[in-house]
Amino acid sequence: MKPYEHPEPLYPYADWSLGEDTYDDLNNQRSESLFATGNGYIGMRGNFEEGFHGSEGTSVTGNYLNGFYDSEPIVYPEGAYGYPSRNQAMLNVTNAQIIQLRVEGEQFHLNRGRVLSYKRELDMKMGYLLREVDWESPAGHQVRIRIRRLVPLAHKHLAAVDYEVTALNFEGTVTLSSAMDGRIAQQEATDDPRLGAGSALPSLIMESMEHSEKFAIMKQRTRHTQFALVTAMSHGLSSNAGHEVAVTGKKEEERLTVEYAVPLLKGDSTSLTKYISYHTSKDYPEAELFERTEQVLGMAAATGFEALLQEQTAFLGEFWRHADVEINGDPALQQGIRFNAFQLLQSVGRDGLTNIGAKGLTGEGYEGHYFWDTEMYMLPFFTYTQPQISRSLLEFRYSTLDKARERAAVMSQKGALYPWRTIDGEENSSYFPAGTAQAHINADIAYGIKQYVLATGDTEFLVSKGAEILFETSRFWVDLGHFNPAKGGAFCIDAVTGPDEYTAIVNNNAYTNLMVQDQLNYAYQTAELLRSEYPDQFKQLCSRINLTDEEMKVWLEAANKMFVPYDEELDIYAQDDTFLSKQKWDFENTPADKYPLLLHFHPLVIYRHQVLKQADLVLAMFLLGDKFTLEEKVRNYNYYEPLTTHDSSLSPCIHSIVSAEIGELENAYSYFDRTVRMDLDDINKNAKDGLHTAAMAGSWMSIVNGFGGMRLIDGMLVFNPVLPKQWESYRFKIVNQGALLEILVDGEGVQYTLLEGESITIKHKDRSLTLAWNEPVRA
Ligand code: BGC
């Protein structure tokens, strides 16, 4: 691999923000994803309040509510038993971002009149989006516009926009027309399977809309799921002009507008603060929605925009205190890692009933579905920085366990099988070779539970919820696999797909089998723990799910006899039973424009070759590192790395971690660069459809587990840090069992500081270190 050079930045580097001082019609849709704001429930793409008027480029107006979806029947030309019959798609909901400005009757937008100056900035410390424009209307009237958008992390149902206009060179009337538009269509279908099916029909059906004294409110209903959605907006206007302001309300087809005509003298300003709320009957009884709306909007008006902004800054201050990563001497990567952490927080559901989608709340790619991405990529970031969020994410799995049980039954298996992709817990994958066949999701969830419990000590979660998930999914494995006489009685798992989606429906995918082995051992240990320490809960659980001691013994037996394919000649693990006997992909004669392969070759063509979309065995070597010697890691890595296309954004971060571990620091750095700025540099050319949340979280792992070399071994944190030569130093924080630890790696070595907690014992390489509060230790 040749050393990696940062591409020319698409947006200037900045430590705590993403900004631009010119705007770019052509790449507008990409910027809409990058400048998204959200609070884990509401997500708003970075659309302009006045709409997009560019003559080139495209726009997707996007407002999303985590977990809010419609569900259309899936039409299969050739269906089969057990295919999901309905598809869920995160809905693009009522657009309440709209504020249109007229200056003495002249409509403002960026492609009219003259833009004298322009600036947009997503501030990651204060958590808001700012736009400042000096604009001259075609008639020569100049205004200064300052728009601040805030989706408060502390108020799930609220968003706010503060829109200020100053008359620079004239005396006259500015009109601010604030609206919400209920007529929303989903993005159209394309040939790109990563986008989704699209839909021709409007997803939300209007039931009522009205202007009341305090606010404008709309009630709509989803076409199929029949959820009610109540969207409302209220306004406050302040102006230093003493003149009468004329206010009018308009009601058009599916649009409510409130218009303020404000007379200004030269130098005067006026600002309109708009509060927006969303509530749905998916979260609350329908009868409560209006009252709740009133409460939220009342609270917002009483608090005021500036105080909400202060609250937001305080919220983020707490977040960064635990989650910040500093990279000194590399502004590109510094910006990338903060942007990623910030966007993850903006997209993650924190209520135990929602999760985090593959594109978060920033776009419609993958239809807002939750995947294994959560447990394998996002969860570690949250577990070690914001453990309560990890718990909520795992609670989501618990809340959907019944659906996983139903799915296992449909698949003629015992126990529970989690869906490959879902919003409310039902399987949504209509292409089973790269969907339902990825049963490894069960083991991934089990792994997530194990890591969470070990890192936090939250046994209460394990006892009350985690154990049941572990037991039911273990049941599934033992029923799915079999002790195979043809392999000397070893436990085999057939007809599954591993993480690498360029190889499908195989026997004994090594990643899957290793992960299942780990899960079965952990499930057995958990049963033993409950039996001895929590006997009442254990008895109740066993009787509720009819679990017997015999079944648990089989878990252990299957784990002990797990078949893991190995090729003696090459002295490496085989990805599965047949992978190594296929012909290798002809990389030399595949031009760059044929990637990602999935958009240029039929799946069967890909399946017939040794070619990987993403880390598979290499991922297992990271997750289950103690099962491989260093030499094995080197041999396996050297075999699989050249065959890996990284056509999935989930891949480079894992290669970065394993490269760091085997001492290939240059490669580790290149892969890290590619993952940490995946969206800022638009590496995969589809940031326009939404951000790559797994890659963003993966970049955190690349720092912490890759360069920082952190592993959790026998419940203890072990670090083995290295410093890439491109950096002066880096620093990250880890929350472990309630303690907050800071790790600084610089030219002189490593410094460990316990920032919160009385003491903690960790390992630096082979050496045990006991740290006391606030007493840095150098190693
Ligand atoms: C990857 C999957 C991933 C999905 C959603 C696909 O391209 O191959 O592993 O779960 O994207 O991020």
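## Exercises on a predicted model

Asn667 sits in helix H17 (residues 665-676); helices here are DSSP runs of H or I with at least four residues, strands are runs of E with at least two, and both are numbered from the N terminus. This is a predicted model, in which local features need pLDDT of at least 70, side-chain atom pairs count only at pLDDT 80 or more, and totals for chains, interfaces and linings use all residues. Residues are numbered from 1 along each chain as its sequence is written, and side-chain values use heavy atoms, with hydrogens and water left out.

**Exercise 1. Decide whether Asn667 is buried or exposed, and find the C-alpha separation of Asn667 and Thr770.**

Step 1. Recall the cut-offs: buried means under 20% relative accessible area, exposed over 50%, and partly exposed in between (1.4 Å probe, protein chains only).
Step 2. Asn667 has a relative accessible area of 13%, so this residue is buried.
Step 3. Asn667 and Thr770 are 103 residues apart along the chain, and their C-alpha atoms are separated by 33 Å.

**Exercise 2. Describe the surroundings of Lys613 and Gln614.**

Step 1. Start with the record: the unreviewed UniProt entry places the feature "binding site" at Trp372, Asp373, Lys613 and Gln614. UniProt positions are given in the numbering used here, feature names are shortened, and annotations may be inferred rather than shown by experiment.
Step 2. Locate the pair: Lys613 lies in the loop between strand E25 (609-610) and helix H14 (617-623), and Gln614 is found in the loop between E25 and H14.
Step 3. Check exposure: Lys613 is buried at 8% relative accessible area, and Gln614 is buried at 4%.
Step 4. List contacts (heavy atoms within 4.5 Å). Leaving aside neighbours within four places in sequence, Lys613 touches residues including Asp500, Glu501, His646 and Ser651. With the same neighbours left aside, the contacts of Gln614 include Trp372, Asp500, Glu501 and Ser651.

**Exercise 3. Look at the backbone of His646, then of Pro596.**

Step 1. His646 has a positive phi of about 60° although it is not a glycine.
Step 2. His646 lies in the loop between helix H15 (630-640) and helix H16 (652-661), and is buried at 6% relative accessibility.
Step 3. Pro596 is joined to Tyr595 by a cis peptide bond, with omega about -5°. Pro596 belongs to the loop between strand E24 (583-584) and helix H13 (603-607).

**Exercise 4. Work out what lines the largest cavity.**

Step 1. Set the terms: on a 1 Å grid over the protein atoms alone, a cavity is a set of points where a 1.4 Å probe fits but cannot get out, and lining residues have an atom within 4 Å of a point. Grid points are joined across faces, edges and corners, and a volume is the space filled by probe spheres set on the points.
Step 2. The whole structure holds 4 cavities of 30 Å³ or more, and the largest has a volume of about 60 Å³.
Step 3. Its lining consists of Asn47, Phe48, Glu49, Arg120, Leu129, Arg131, Ile147 and Arg149. Strand E9 (128-136) and strand E10 (142-150) each supply at least two of the lining residues.
Step 4. Sort that lining by class: 3 nonpolar, 1 polar and 4 charged. Nonpolar covers Ala, Val, Leu, Ile, Met, Phe, Trp, Tyr, Cys and Pro, charged covers Asp, Glu, Lys and Arg, and the others, Gly among them, are polar.

Methods: On a 1 Å grid over the protein atoms alone, a cavity is a set of points where a 1.4 Å probe fits but cannot get out, and a pocket is an open set with protein on both sides within 12 Å along at least five of seven lines; lining residues have an atom within 4 Å of a point.
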